[in-house]
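I opened this entry to record what I looked up in the model, beginning with its contacts and ending with a single helix.

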Amino acid sequence: MRDADRFPAVALFDLDGTLLDSAPDMLATVNRMLEVRGRAPLALDRIRPVVSRGARAMASVAFPELDTDGIVALVPEFLAVYGEELGRHGAPFEGVEPMLAALERAGTRWGIVTNKPEGLARRILPQLGWQDRCAVLVGGDTLAERKPHPLPLLHAAVILEVAPEACAYVGDDARDIVAARAAGMASIVALWGYRLEDDDPVAWLGDVMHAHPGDLAQPSAWPVSA
């Protein structure tokens, strides 16, 4: 059993809405798409709740009149524009850097498992100074499956040569917690992330929930795995 006064051997994180407040980048993206169509821009609070749900969800908010096929057709444009806005407006959530530093001082390796395309996720790491600190990065297109499937989390554990039960996963969406549970990893609900009003994070059945990234700078905040 892991000691309650020690961090896990490996801490894995979702990216958008967990480590990174990327909503401002996403807002700039959809507003550019609206501008070229002569439409009014959106406010940040319209986009923020759905950022963790990906390009289709954000395009649906910006273009509610489109059906599924119309939204899917916008995804390549969204990703192209987002690639130009990447890292220009967003930043790590307050408390993330001290938390990562605490993990590193304790010898805990940390990494990222995200549904963002791997290429985009890798591009943002140098902007944040994380390229030499992040021990593993698995993107949404790295493998044949993405969260909520457990494969990306299990793949990260394989790369780091640790058992899944030696890892804890932190995320702000139900898919994150479902994936962690299926992978046999301890799970932490990031309440500071992006959620719709009718989301019920208690129902996700994470091992623990925390309201601020800085909470995780303390070993006792992490679930103890059997």
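**Contacts, overall form and one helix**

I began with the contacts (heavy atoms within 4.5 Å), and among those in the protein between residues at least 6 apart in sequence, 66% join residues at least 24 apart. I note that this is a predicted model, in which local features need pLDDT of at least 70 and side-chain atom pairs count only at pLDDT 80 or more, while totals for chains, interfaces and linings use all residues. Residues are numbered from 1 along each chain as its sequence is written, and side-chain values use heavy atoms, with hydrogens and water left out.

I then looked up the secondary structure, taken as DSSP runs (helices H or I, at least four residues; strands E, at least two) numbered from the N terminus, and found eight helices and eight strands. The radius of gyration, taken over C-alpha atoms, is 17 Å, close to the 17 Å from the globule rule (2.2 Å times the number of residues to the power 0.38) for 226 residues, so the protein is as compact as a globular protein of that length.

For burial I used under 20% relative accessible area with a 1.4 Å probe, protein chains only, and by that cut-off 52% of the 226 residues are buried.

Last, I turned to helix 3 (residues 55-62), which is mostly covered, with six of its eight residues buried. I listed these as Ala-55, Ala-57, Met-58, Ala-59, Val-61 and Ala-62, and I found that they pack against helix 1 (23-35), helix 2 (44-47) and helix 4 (68-85).

Definitions and conventions: Buried means under 20% relative accessible area, exposed over 50%, partly exposed in between (1.4 Å probe, protein chains only).
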